[in-house]
Amino acid sequence: MESNAYNMVHVAVCEYMSRKDRIHKREVRSNEKIPNKVIVDVVKKCLPSILGVKWEDIQGKCREAWIVVPRQLYCYFMSKYGNVSLKQIGKELDRDHTTILSAIKRVEDMLHCEDIVYTDAHGKVLKFINP
């Protein structure tokens, strides 16, 4: 499952970089930063498959732990790495911006405490954002 998600990310980044290369007529450097839009697309496409949930579950109203953790991680990655506003994330998930803020704080607290569920999921997703 992870290799499929990695391939999707790799293709998306390569397509973007090749378009950018054609526009600027220069070589693509391996250390070049990926723009926020690419990271947002990567998180949206790959997070559900990496964590074994459906996108509909992340957007849904279920409050069980198996879906809350991916939803909180989605909020965290969109805010921290994609620079998406709390209001935009909330609109996408049909939640208030304060709920998104709470989810982000929860992930940060759990990562700080080295909670195994959060750190494992965070590590899996982070591999695709920063290959």
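The lining of the second largest pocket has five nonpolar, three polar and five charged residues; here Ala, Val, Leu, Ile, Met, Phe, Trp, Tyr, Cys and Pro count as nonpolar, Asp, Glu, Lys and Arg as charged, and the others, Gly among them, as polar. This is a predicted model, in which local features need pLDDT of at least 70 and side-chain atom pairs count only at pLDDT 80 or more, while totals for chains, interfaces and linings use all residues. Residues are numbered from 1 along each chain as its sequence is written, and side-chain values use heavy atoms, with hydrogens and water left out.

The volume of the second largest pocket is about 210 Å³ (a pocket is an open set of points on a 1 Å grid over the protein atoms alone, where a 1.4 Å probe fits, with protein on both sides within 12 Å along at least five of seven lines; lining residues have an atom within 4 Å of a point). Among its 13 lining residues, Val68, Arg71, Gln72, Arg95 and Thr99 are the closest to the centre. Helix 6 gives the most to this lining, with five residues, and both helix 4 and helix 6 supply at least two (helices are DSSP runs of H or I, at least four residues, numbered from the N terminus).

Now to how the helices pack. The table gives the axes, which are lines fitted to C-alpha atoms over the stretch in contact, with angles from 0 to 180 degrees between N-to-C directions.

| Helix pair | Angle | Axes |
|---|---|---|
| Helix 4 (residues 65–80) and helix 6 (residues 97–112) | roughly 95° | within 8 Å |
| Helix 2 (residues 36–51) and helix 7 (residues 116–129) | about 140° | 10 Å apart |
| Helix 4 and helix 7 | about 45° | 11 Å apart |

Helix 4 is therefore roughly perpendicular to helix 6 (65 to 115 degrees; under 35 is roughly parallel, over 145 roughly antiparallel, and the rest oblique). On the helix 4 side, Gln72, Leu73, Cys75, Tyr76 and Ser79 meet helix 6 residues including Ile100, Ala103 and Arg106, where contact means heavy atoms within 4.5 Å. The residues of this contact are eight nonpolar, two polar and two charged.

Helix 2 is oblique to helix 7, and their crossing is right-handed (the near helix is turned clockwise from the far one by less than a right angle). Ile39, Val42, Val43, Leu47, Ile50 and Leu51 of helix 2 meet Ala121, Lys124, Val125, Phe128 and Ile129 of helix 7. By class, that contact has 10 nonpolar, no polar and one charged residue.

Helix 4 and helix 7 are oblique to each other too, again with a right-handed crossing. Their contact involves Val69, Gln72, Leu73, Tyr76 and Phe77 from helix 4, with helix 7 residues including Val117, Tyr118 and His122. Its residues divide into 10 nonpolar, two polar and no charged.

Definitions and conventions
Points joined across faces, edges and corners; volume = space filled by probe spheres on them.
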